Amino acid sequence: GLPMVGRFLLASWIGLLALGIAILRTTITSQIRKLSPLHYWMLALVAWSALSVFWTIDWDSTVSRIGTYLQLLILVWMFCELATTDKRVLGLLQSYVFGALVCSLGTLRNFMLGRTAAQLAADQGLTMFETSRYSIAGINANDLGLMIALSIPMLVYLLASAKGPWVTALCWLQLVWGLTAGLFTGSCGSRVAGGGGFLVSSGWS
């Protein structure tokens with residue numbers, strides 16, 4: 001699984017640190033970039049998801065999904081504020097693909113060890129129906145599948161940009177292992193997202 005600090009993933013603490021830096025930078029410079037229509041659409045999606053708690057039949061899953069959407073919204077805002085140059089954008093894309101590769105390798109390792117997503121959830125005191133789906137500790141299989149699928153258009157863009165042998169090797173590894181791990185998550189939504197990513201990125205190659 002992924003490294004834990006306290007009861008949270010190390011990545012969560014790193015994310016909180018990055019958010020704190022972004023807020024500090026914005027406060028010191030007193031400069032906030034203008035939001036695009038995409039930001040408002042995402043904000044509307046988060047708001048609608050939040051309202052769904054009034055009619056949901058699965059409170060825990062709904063609250064968890066709202067938290068995921070909110071984190072993604074904050075992440076997009078941070079990208080908008082901090083990634084102001086092409087070099088920074090490429091650095092973020094490379095970092096995401098590398099992180100997705102680590103998750104993909106962790107998923108494949110659990111598959112080879114026979115540790116299903118249900119068994120990982122049981123280790124954390126959670127109850128889940130036993131299936132042949134695989135993930136990594138601390139991440140839902142559906143969320144993991146989506147994370148991997150999102151890396152596909154990014155790595156295709158990096159491959160088309162030809163940013164050096166190490167980046168090329170990283171992208172090819174994630175393309176192979178990511179697609180394989182995505183299948184093991186058993187997430188139908190990630191397959192749709194991955195297929196859409198290929199269609200969108202086909203014009204870049």
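**Helix packing and nonpolar cores**

Read from the start of the sequence, the protein chain follows the pattern β-β-α-α-α-α-α-α-α-α. This amounts to eight helices and two strands in what is a predicted model. Of the 205 residues in the protein chain, 31% are buried. Among contacts between residues at least 6 apart in sequence, 65% join residues at least 24 apart.

One helix pair may be followed in detail. Helix α6 spans residues 141-161 and helix α7 spans residues 165-185; the two pack at an angle of about 150°, their axes 9 Å apart. Since angles over 145 degrees count as roughly antiparallel, α6 and α7 are therefore roughly antiparallel to each other. Their crossing is left-handed. On the α6 side, the contact is made by A141, L144, G145, I148, S151, I152, L155, L158 and L159. On the α7 side, the residues include V167, C171, W172, L175, G178 and A181. The contact of α6 with α7 comprises 13 nonpolar, seven polar and no charged residues.

The largest nonpolar core has 12 residues in all: L90, L93, V97, L101, I152, L155, V156, L158, V167, L170, C171 and L175. Helices α4 (86-113), α6 and α7 each supply at least two residues of this core. L155 offers a view into this region: leaving aside neighbours within four places in sequence, L155 is in contact with V97, C171, Q174 and L175. Apart from the largest core lies another, of seven residues, among them C103, I139, L144 and A181. In soluble globular proteins, nonpolar side chains tend to be buried together.

Note on methods:
Residues are numbered from 1 along each chain as its sequence is written. This is a predicted model: local features need pLDDT of at least 70, side-chain atom pairs count only at pLDDT 80 or more; totals for chains, interfaces and linings use all residues. Side-chain values use heavy atoms; hydrogens and water are left out. Axes are lines fitted to C-alpha atoms, for helices over the stretch in contact, and angles run from 0 to 180 degrees between N-to-C directions. Helices (H or I, at least four residues) and strands (E, at least two) are DSSP runs, numbered from the N terminus. Angles under 35 degrees count as roughly parallel, over 145 as roughly antiparallel, 65 to 115 as roughly perpendicular and the rest as oblique. A crossing is left-handed if the near helix is turned anticlockwise from the far one by less than a right angle, and right-handed if clockwise. Contact means heavy atoms within 4.5 Å. Ala, Val, Leu, Ile, Met, Phe, Trp, Tyr, Cys and Pro count as nonpolar, Asp, Glu, Lys and Arg as charged, and the others, Gly among them, as polar. A nonpolar core is a set of buried Ala, Val, Leu, Ile, Met, Phe, Trp, Tyr and Cys residues joined through side-chain atoms within 4.5 Å. Buried means under 20% relative accessible area, exposed over 50%, partly exposed in between (1.4 Å probe, protein chains only).
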